Amino acid sequence: MRRRRLIIGVAGALALAGCASGPGLTAAGNLATDHVGADAGQLVVAIGNRPGGPGTYYTSYTLVFQRADAPADGPVGTLSFKPGMWPTGDKPDYKLRDDVGVVLVASLPAGNYRIVDFGASTMVGNTAQHFSLKERIATPFRVEAGKLSYLGHYRASGQRGKNIFGMPLPAGVLWDIGSQAEADLALARARNTTKLLPDVIDLTPKAADVGSPAFRDRQAG
C-alpha cells in the first residue's frame, strides 16, 4: 500500500525545505506548531499503533500537513508519535490492548490546511528506512482563531513483506481512522500544560474522503 523510501523520507523533506523564516514558520522554513497571537487556533490529533500485532516495529509515525494554498514542495508541519521505551520513546497518553499512542496538541495560525502524508520510519540492521504514502493525499482541514480543530484518532498497523529469500521485511503501514474526541480531549486536558480551547470542531475524515487504500474506517468499540 505504501512506497518505501530509503534514507530520504519525511526527515529528508524537512531538510530540503529551505531556510526561510517568517510568521508561523520555524527557522528552517517549516510550519511552527506553537504559534501565538490573536489569530491562533488549536489542533488536536491522536496517533498510535497496534502493539504486538503482525508487522514490523516502527520507530516513528508522522502526520505531515501544509497550508492549503502552498505549493506541493512548500513548507510543511509535522506531528509525530515515537513508540518505544520511555524516555527515548514517547510516554503514551493511552495504553490499551490493541492501541498505544499519544494525543498531540499544536497551535497554528487560522487558515485552511491539508494533510499530505503519513510517514513511518524503522530500522533494518543499521539502515533507516522511511515510508511515505504511495500517492500524495490532500485531506483538507481548517483552523479557526480561538477554536480547537480535532483531526481524529489514527492507529497504525505495520505491514510485513518478504525479500527474495523469504525473509520478512517492513512493507508499510495501514491506518485505521475514527473519532474518539471525548476520550482524546480528556487525555489532552489532563496532560497538556496548555489550556485547551473549549470550542471544538470535529474534523475527523472518513477513509473514503482521504482517498488512499492505506486508510480504513475504524469500527466503534
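A cavity here is a set of grid points where a 1.4 Å probe fits but cannot get out, and its lining residues have an atom within 4 Å of a point. The legends below all refer to a predicted model.

**View 1. The largest cavity and its lining.** Searching the whole structure turns up 1 cavity of 30 Å³ or more, and the volume of the largest is about 30 Å³. Around it you'll find Gly24, Leu31, Ala32, Phe65, Arg67, Leu108, Pro109 and Tyr113. Two strands, β3 (60–67) and β6, each contribute at least two of those lining residues. Sorted by class, the lining comes to 6 nonpolar, 1 polar and 1 charged residues.

**View 2. The whole fold, for orientation.** Before zooming in again, here's the overall tally: 3 helices and 13 strands. The protein has 221 residues, and 47% of them count as buried. If you take contacts between residues at least 6 apart in sequence, 71% join residues at least 24 apart.

**View 3. Strand β2 and its partner β6.** β2 covers residues 40–49, and 10 of its 10 residues are buried. In a regular strand, side chains alternate between the two faces of the sheet. Here, Ala40, Gln42, Val44, Ala46 and Gly48 point one way from β2, while Gly41, Leu43, Val45, Ile47 and Asn49 point the other way, and all are buried. Next to it, β6 (residues 99–109) runs antiparallel to β2, with 10 bridges joining the two.

**View 4. Gly48 up close.** This glycine belongs to strand β2, and its bridge partner in β6 is Gly101. The relative accessible area of Gly48 is 0%, so it counts as buried, the cut-off being under 20%. Leaving aside neighbours within four places in sequence, Gly48 is in contact with Phe81, Tyr94, Asp99, Val100, Gly101, Tyr154, Arg155, Ala156 and Trp175. Take Trp175 from that list: it sits 127 residues from Gly48 along the chain, yet their C-alpha atoms are separated by 9.6 Å.

**View 5. The nonpolar cores, with Phe141 picked out.** The largest nonpolar core has 35 residues, and Tyr61, Phe141, Trp175 and Phe215 touch the most other members. A second, separate core has 10 residues, including Val44, Tyr94, Val103 and Leu196. Back at Phe141, its contacts, leaving aside neighbours within four places in sequence, are Leu43, Phe65, Gly111, Asn112, Tyr113, Arg114, Ile115, Leu151 and Leu203.

**View 6. Ser149 in strand β10.** Ser149 is found in β10, which spans residues 148–162. Its relative accessibility is 0%, so Ser149 counts as buried. Leaving aside neighbours within four places in sequence, Ser149 is in contact with Gln42, Leu43, Val44, Arg142, Val143, Glu144, Ile201 and Leu203.

**View 7. Val116 in strand β7.** Val116 has its place in β7 (residues 111–124). With a relative accessibility of 2%, Val116 counts as buried too. Once neighbours within four places in sequence are set aside, Val116 is in contact with Val64, Phe65, Gln66, Leu133, Arg136 and Ile137. Val210 lies 94 residues away from Val116 along the chain, and 9.7 Å separates the C-alpha atoms of the pair.

How values were computed. Residues are numbered from 1 along each chain as its sequence is written. This is a predicted model: local features need pLDDT of at least 70, side-chain atom pairs count only at pLDDT 80 or more; totals for chains, interfaces and linings use all residues. Side-chain values use heavy atoms; hydrogens and water are left out. Buried means under 20% relative accessible area, exposed over 50%, partly exposed in between (1.4 Å probe, protein chains only). Helices (H or I, at least four residues) and strands (E, at least two) are DSSP runs, numbered from the N terminus. Two strands pair if DSSP finds at least two bridges between them. Contact means heavy atoms within 4.5 Å. A nonpolar core is a set of buried Ala, Val, Leu, Ile, Met, Phe, Trp, Tyr and Cys residues joined through side-chain atoms within 4.5 Å. On a 1 Å grid over the protein atoms alone, a cavity is a set of points where a 1.4 Å probe fits but cannot get out, and a pocket is an open set with protein on both sides within 12 Å along at least five of seven lines; lining residues have an atom within 4 Å of a point. Grid points are joined across faces, edges and corners, and a volume is the space filled by probe spheres set on the points. Ala, Val, Leu, Ile, Met, Phe, Trp, Tyr, Cys and Pro count as nonpolar, Asp, Glu, Lys and Arg as charged, and the others, Gly among them, as polar.
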